[in-house]
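Welcome! Have a look at the model below and turn it around a few times before reading on. This report then walks through it step by step.

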Amino acid sequence: MQAALTRPNTTTRLSAPFPTGPPAFAQTSSLRYKSEVETVRDAVGLVSRLRGVSFTWKETGEPSLGLIAEEAAEVIPELVETNERTQQAEAINYAALTALLIEAVKEQQAEIGSLRGQLNRLEILEAQVVQMELLLSELLDERGHRSQLVGAGDGR
């Protein structure tokens, strides 16, 4: 595989020495080019504030899907590339969006795990309540009070 990664913040076209399909693109991402590295916090909250849209390109008439750069800039400015001259939002760095989506999935999986644990505990408690009701019913039957309680409890 050929790759010429020479400077940070670049996108490099990678191509194989044999035909395997369209070329792949890679962005410089080594830790040696980064400082102040932190895990994205509240990724699910950030993703929920982004708006995925379907649209038609004015120039070509082709339908497409994506984000609106101006809207995304209000939520996560790091995702948006601006025109140096006009300072207007121009493009979305969809590769950077991947990091946000990965953390959002991890947050959701942690929430799902927590909810599964709560559900399991509730199912155990429900089974225990059913057992206690059966034991109480048996105890009341032994003492001859069950018919009185059942009749009083359901309005008979």
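## Salt bridges

How many salt bridges does a search of the whole structure find? The answer is 2. Keep in mind, as you read, that this is a predicted model.

One of the salt bridges is formed by the side chains of R51 and E71, with a distance of 2.6 Å from N to O. R51 sits in the loop between α1 (43-49) and β3 (53-56), while E71 belongs to helix α2 (residues 69-75), so this pair ties together parts that are 20 residues apart in sequence. R51 is partly exposed, at a relative accessible area of 46%. E71 is partly exposed as well, with a relative accessibility of 30%.

K106 and E103 form a salt bridge too, and here the closest N and O atoms are 2.9 Å apart. This pair stays inside one element: both residues lie in helix α3 (residues 94-143), 3 residues apart, which is about one turn of the helix. K106 is partly exposed, with a relative accessible area of 49%.

## A closer look at E103

Is E103 buried or exposed? With a relative accessible area of 15%, E103 is buried, because buried means under 20%. The side chains of E103 and K106 are also joined by a polar contact of 2.9 Å.

Which residues does E103 contact, once its neighbours within four places in sequence are left aside? They are T39, V40 and A43. A43 is the residue where α1 (43-49) begins.

## The chain as a whole

Now step back and follow the chain. The protein chain has 4 helices and 6 strands. Starting at the N terminus, you will meet them in the order β-β-α-β-β-α-β-β-α-α.

Of the 156 residues in the protein chain, 17% count as buried. Its accessible surface comes to about 12900 Å², and 54% of that belongs to carbon and sulfur atoms. Contacts tell you about the fold too: among those between residues at least 6 apart in sequence, 29% join residues at least 24 apart.

## Helix α3

Helix α3 is easy to follow on the model. It has 50 residues and reaches 72 Å from its first C-alpha to its last, close to the 74 Å expected at 1.5 Å a residue.

Which residues of α3 are buried? They are L97, L100, E103, A104, S137 and L140. Just after the helix comes G144, which takes a positive phi of about 80°.

## Two hairpins

Try finding the strand pairs next. Strand β3 and strand β4 (residues 63-66) run antiparallel and are joined by 4 bridges. Across this pair, T56 stands opposite P63 in β4. The two strands form a hairpin with 6 residues between them, and G61 in the turn has a positive phi of about 75°.

Strand β5 (residues 80-82) and strand β6 (residues 89-92) also pair in the antiparallel sense, over 3 bridges. This hairpin has 6 residues between its strands, and Q87 takes a positive phi near 60°. The bridge partner of E81 in β6 is A91.

A91 is partly exposed, with a relative accessible area of 30%. Not counting residues up to four places away in sequence, A91 touches A69, L79, V80 and E81. A91 and A72 are 19 residues apart in sequence, and their C-alpha atoms are 9.8 Å apart in space.

## Positive phi in a loop

Here is a detail of the backbone to finish with. Most residues other than glycine have a negative phi. Where can you find E36, which has a positive phi of about 50° although it is not a glycine? E36 is in the loop between β2 (24-27) and α1. E36 is exposed, with a relative accessible area of 76%.

D42 is found in the loop between β2 and α1 as well. Its phi is near 50°, a positive value in a residue other than glycine.

Terms used. Residues numbered from 1 in each chain as written. Predicted model: local features only at pLDDT ≥ 70, side-chain atom pairs only at ≥ 80, totals over all residues. Heavy atoms only, no water. Salt bridge = Lys/Arg side-chain N within 4 Å of Asp/Glu carboxyl O. Buried < 20%, exposed > 50% of the residue type's maximum accessible area, 1.4 Å probe, protein only. Contact = heavy atoms within 4.5 Å. Areas by Shrake-Rupley, 256 points an atom, 1.4 Å probe, with all protein chains shown as cover. Polar contact = N/O pair within 3.5 Å; in protein donor to acceptor, adjacent residues only side chain to side chain. Pairing = 2+ DSSP bridges. Expected span 1.5 Å × (residues − 1).
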